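Open the model in your viewer and keep the selection box at hand. The tour below goes from one selection to the next and says what is found at each stop.

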Amino acid sequence: MVNSTKKCLRCGQMKSVEEYEKDSRCSTGRRNVCRTCRNNLRRKRYLERFPPGKRRPRNHAKEAEYARGKRRRHIATYLASGARKRAKKKNIPFTLDQHMDALILRTKPMKCELTGIPLRMADGTRDYDSISMDRVSPEAGYTIENIRIVCWAINAAAGTWGLNKAMEIFRKIKE
Ligand SMILES: [Zn+2]
């Protein structure tokens, strides 16, 4: 095979192409610095940044906040992708991808905007309190002004009996 070996730009050794990480951004499809050299570089940079004994202390509050932010983005992305599919099927407008920050804020309370019940992210199967999205005006599309963050129970019930009747049922159950 031609080009089965190449010279590492760092250590200058001729090595098999397998010794170079794949990278589609490189013209050859592989890195020009071998794995060994790259690992050594990574280790060196890490030690420069965090010398032994000077490791950055973990900030648990910050890490928790980061995890929450990540989860919220995940929920917003999940809702938007479902809405995008339904909009395409129904041939109605979809502009939520331009308002993801607003959508993340809307999901932040994790509370049904109609019934007030706490919402959960569906893990596999949808439950009555799974987060879902519906449209205020069914004729209009999925725009940040026209969507509601609601529980699956009220969403499904409104689909069957209409929103007013569904809300009436919900109030009766709550009594
Ligand atoms: Zn090398």
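Leaving aside neighbours within four places in sequence, which residues is R72 in contact with? Select R72 and show its surroundings: the contacts are I104, T107 and K108. Bear in mind throughout that this is a predicted model.

**Stop 1: R72 and the helix pair**

R72 lies in helix α2. Is R72 buried or exposed? The answer falls in between: R72 has 18 C-beta neighbours inside 10 Å, so this residue counts as partly exposed. Now add M100 to the selection and draw a distance between the two C-alpha atoms. R72 and M100 are 28 residues apart along the chain, and their C-alpha atoms are separated by 10 Å.

Extend the selection to the whole of α2 (60–90), then add helix α3, residues 100–107. The axes of α2 and α3 are 9 Å apart, and the two helices pack at an angle of about 110°. The pair is therefore roughly perpendicular. To see the contact itself, show side chains on both helices. On the α2 side, select R72, R73, I75, A76, L79 and A80. On the α3 side, the residues to select are M100, L103, I104 and T107.

**Stop 2: the nonpolar core**

Keep L79 and A80 on display and add A83, C151 and I154. These five have the most contacts inside the largest nonpolar core, which has 21 residues. Two or more core residues come from each of α2 (60–90), β3 (131–135), β4 (147–151) and α4 (152–161). Helix α2 gives the largest share, with five residues.

Next, centre the view on I154. Which residues does I154 contact, leaving aside neighbours within four places in sequence? Select C112, L114, T115, A166 and F170 to see them.

**Stop 3: I144 in a loop**

Move to I144, in the loop between β3 and β4. I144 counts as partly exposed because 15 C-beta neighbours are found inside 10 Å. Residues up to four places away in sequence aside, I144 touches L96, H99, A102 and L103. L103 was already selected at the first stop, as part of the contact between α3 and α2.

For a long distance, pick M14 as the second atom. I144 and M14 are 57 Å apart, C-alpha to C-alpha, and 130 residues apart in sequence.

**Stop 4: two positive phi angles**

Select N91, in the loop between α2 and α3. N91 is not a glycine, yet its phi is positive, at about 55°. N91 counts as exposed because 7 C-beta neighbours lie inside 10 Å.

Then select M110, in the loop between α3 and β3. Phi of M110 is near 50°, again a positive value in a residue other than glycine. M110 has 16 C-beta neighbours inside 10 Å and so counts as partly exposed.

**Stop 5: Y20 and its surroundings**

Go to Y20, in the loop between β2 (14–16) and α1. Is Y20 buried or exposed? Y20 is buried, because 22 other C-beta atoms lie within 10 Å. Show K6, R30, R31, C34 and R35: Y20 touches these, not counting residues up to four places away in sequence. A distance from Y20 to T36 gives 8.8 Å between C-alpha atoms, for a pair 16 residues apart along the chain.

**Stop 6: two helices with little cover**

Select α1, residues 35–49. This helix has 15 residues and reaches 21 Å from first C-alpha to last, close to the 21 Å expected at 1.5 Å a residue. How many of the 15 residues of α1 are buried? The count is one, and α1 is hardly covered.

Now select α5, residues 163–174. The 12 residues of α5 reach 16 Å from first C-alpha to last, close to the 16 Å expected at 1.5 Å a residue. Of these 12, the number buried is one, so α5 lies largely in the open.

**Stop 7: the domains**

Finally, zoom out and colour by domain. The domain assignment gives domain 1 (21–51) and domain 2 (67–174). How many Å separate the centres of domain 1 and domain 2? Taken over C-alpha atoms, the separation is 44 Å.

Terms used: Residues numbered from 1 in each chain as written. Predicted model: local features only at pLDDT ≥ 70, side-chain atom pairs only at ≥ 80, totals over all residues. Core = buried A, V, L, I, M, F, W, Y, C linked by C-beta atoms within 7 Å. Buried ≥ 20, exposed ≤ 12 C-beta atoms within 10 Å, placed from the backbone. Helix = DSSP H or I, 4+ residues; strand = E, 2+ residues; numbered from the N terminus. Contact = placed C-beta atoms within 7 Å. Domains from an automatic or database assignment. Expected span 1.5 Å × (residues − 1). Axes fitted to C-alpha atoms, helices over the stretch in contact; angles between N-to-C directions. Parallel < 35°, antiparallel > 145°, perpendicular 65-115°, else oblique.
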